[in-house]
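Subject: The structure I promised you

Hi,

Here is the structure we talked about, with the sequence alongside. Have a look at it first, and then read on for what turned up.

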Amino acid sequence: MDKNIEEERFTEIIKFTPSLSEQRYQFVKDLVGKYKPKKVADLGCADCTLLWMLKFCSCIEVLAGLDICASVMKEKMHRLSPLPVDYLQPAERSLTVTLHQGSVANKDPCMLGFDLVTCIELIEHLEESELRKFPEVVFGFMAPRIVVISTPNSEFNCLLPGVTLFRHPDHKFEWDRVQFQSWARNISRQYDYSVEFTGVGHPPRGMDKVGFCTQIAVFVKKCPQASKSAQFEKPTGATYKMVFKAVYPSLKEEKYLQNAVVSEVIFTAQFIKRSLLDCSMLEHKYSDDHTERKSEFQPSMNCLSEHLGKLVVERGMKPYVDGKVVYIPLKTIFSFPKVSRLCGTFEKLSKLIAGKVTLSSNGSSVMFNIEHE
């Protein structure tokens with residue numbers, strides 16, 4: 001079921017810009033930006049829109065979605081798969097995305113260890129028996145550091161044309177602010193969380209008394225370390241069915257890191273070689289003496305980049321030409337920020353490019369044959 005379509009029909013007259021669903025998702029993104037969680041689970045993920053938005057957050061390494069309806073997830077889950085550019089330019093972080101079919105009233109170990117759990121427009125779809133089990137599953141069993149729960153504010157319904165009881169035919173209830181806050185505070189006391197209330201979807205001017213269209217509670221674990229030890233005492237039987245899994249290429253994997261390092265080394269060496277040859281041509285063109293130049297050139301600062309020029313002058317790590325071969329010292333290449341950031345150490349650089357780049361006999365320099373240049 002699409003949690004947003006019915007709601008958008010009712011909110012056409014009261015214009016929300018951005019839309020109410022976008023404001024809710026942006027709220028979660030802002031929270032991710034603040035707390036930098038590595039592992040995030042979205043309960044009631046539906047069409048996976050929130051997960052798709054969160055996969056671009058560089059701090060997140062694990063994303064998981066859970067919904068009772070597999071067909072809704074499957075309609076849009078392809079958006080969570082890696083794109084060709086992800087393989088051409090792997091990110092430095094790792095990222096794994098999984099989708100599971102199951103009920104939030106059941107416990108499954110695949111949902112343990114998350115930093116942030118989001119429940120966006122979920123609880124109002126739960127049966128009474130499911131709602132009773134929900135706090136123990138999320139706050140007792142999963143016990144993440146942060147939980148975000150959003151739900152309709154029934155006090156706002158008087159402003160929505162066509163709403164007689166609930167905003168969506170699948171809603172089992174809709175709470176006012178007192179009911180929601182009372183429920184949330186009871187949970188926070190029972191499971192040792194602090195809780196703060198806010199919302200999205202401001203009311204029209206002069207109608208502030210009805211509150212936000214969507215009310216939100218943000219729970220933060222008071223003692224996050226204590227919850228981790230308690231999880232080992234929980235049952236371990238799997239109850240969810242995995243319907244999707246994607247593992248993104250990452251520079252943390254040796255094969256992708258090697259490809260990236262080799263490409264960057266070749267690019268950097270080509271740049272240095274081109275600068276060296278350009279300088280040589282200029283010196284030949286404007287020199288009064290056209291006799292054969294000595295094999296080792298002295299590139300001038302105005303021909304090379306500022307970085308390369310400093311290397312040549314200060315460290316003596318200068319590239320040189322011997323006959324028809326250009327030699328680019330590996331230490332010069334390693335000193336370029338992107339290369340050193342990728343490799344970490346000079347030893348790692350040497351290991352990663354071994355057999356992939358043409359090196360001098362002693363392995364200290366990258367070699368280029370310039371016979372046809």
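Which residue in E4 is the bridge partner of Ala41? It's Val117. Before going further, please keep in mind that this is a predicted model.

Let me start with E4, since a lot hangs together around that strand. E4 covers residues 116-120, and three bridges join strand E1 (residues 39-43) to E4, the two running parallel. Strand E5 (residues 146-152) is joined to E4 as well, by five bridges and again in parallel. One pair to click on there is Thr118 with its bridge partner Val148 in E5. If you follow the chain from E4 through helix H6 (residues 128-142) to E5, you trace a right-handed β-α-β unit.

How many of E4's five residues are buried? Five of the five are, so to speak, under cover. In a regular strand, side chains alternate between the two faces of the sheet. Here both faces are covered: Leu116, Thr118 and Ile120 are buried on one side, and Val117 and Cys119 are buried on the other.

Next, the nonpolar cores. The largest has 43 residues, and those with the most contacts inside it are Val32, Leu54, Ile60, Leu99, Val148, Phe156 and Phe244. Several elements supply at least two residues each, among them helix H3 (49-54), strand E3 (96-101), E4, E5 and strand E8 (241-247). Helix H2 (20-35) is another of these suppliers, and H2 gives the most, with six residues. For a closer look, try Val32: leaving aside neighbours within four places in sequence, Val32 is in contact with Pro37, Leu54, Cys57, Cys59, Ile60 and Leu116. There is also a second, separate core of 34 residues, which includes Ala41, Cys119, Phe141 and Phe173.

Finally, further along the chain, look for an open sheet of three strands in the order E9-E10-E11, with antiparallel pairing. Why does one side of E9 and of E11 lack a neighbour in the sheet? Strand E9 (320-322) and strand E11 (365-369) stand at the edges and each has a single partner strand, so one side of each is left free of a neighbour in the sheet. On average, neighbouring strands of this sheet are turned by 30° against each other, direction ignored. Three bridges join E9 to strand E10 (residues 325-329), and Asp322 stands opposite Val325 in E10.

Happy to go through any of this together.

Cheers

Conventions. Residues numbered from 1 in each chain as written. Predicted model: local features only at pLDDT ≥ 70, side-chain atom pairs only at ≥ 80, totals over all residues. Heavy atoms only, no water. Buried < 20%, exposed > 50% of the residue type's maximum accessible area, 1.4 Å probe, protein only. Helix = DSSP H or I, 4+ residues; strand = E, 2+ residues; numbered from the N terminus. Pairing = 2+ DSSP bridges. Right-handed = clockwise from strand over helix to strand, strands pointing away. Axes fitted to C-alpha atoms, helices over the stretch in contact; angles between N-to-C directions. Core = buried A, V, L, I, M, F, W, Y, C linked by side-chain atoms within 4.5 Å. Contact = heavy atoms within 4.5 Å.
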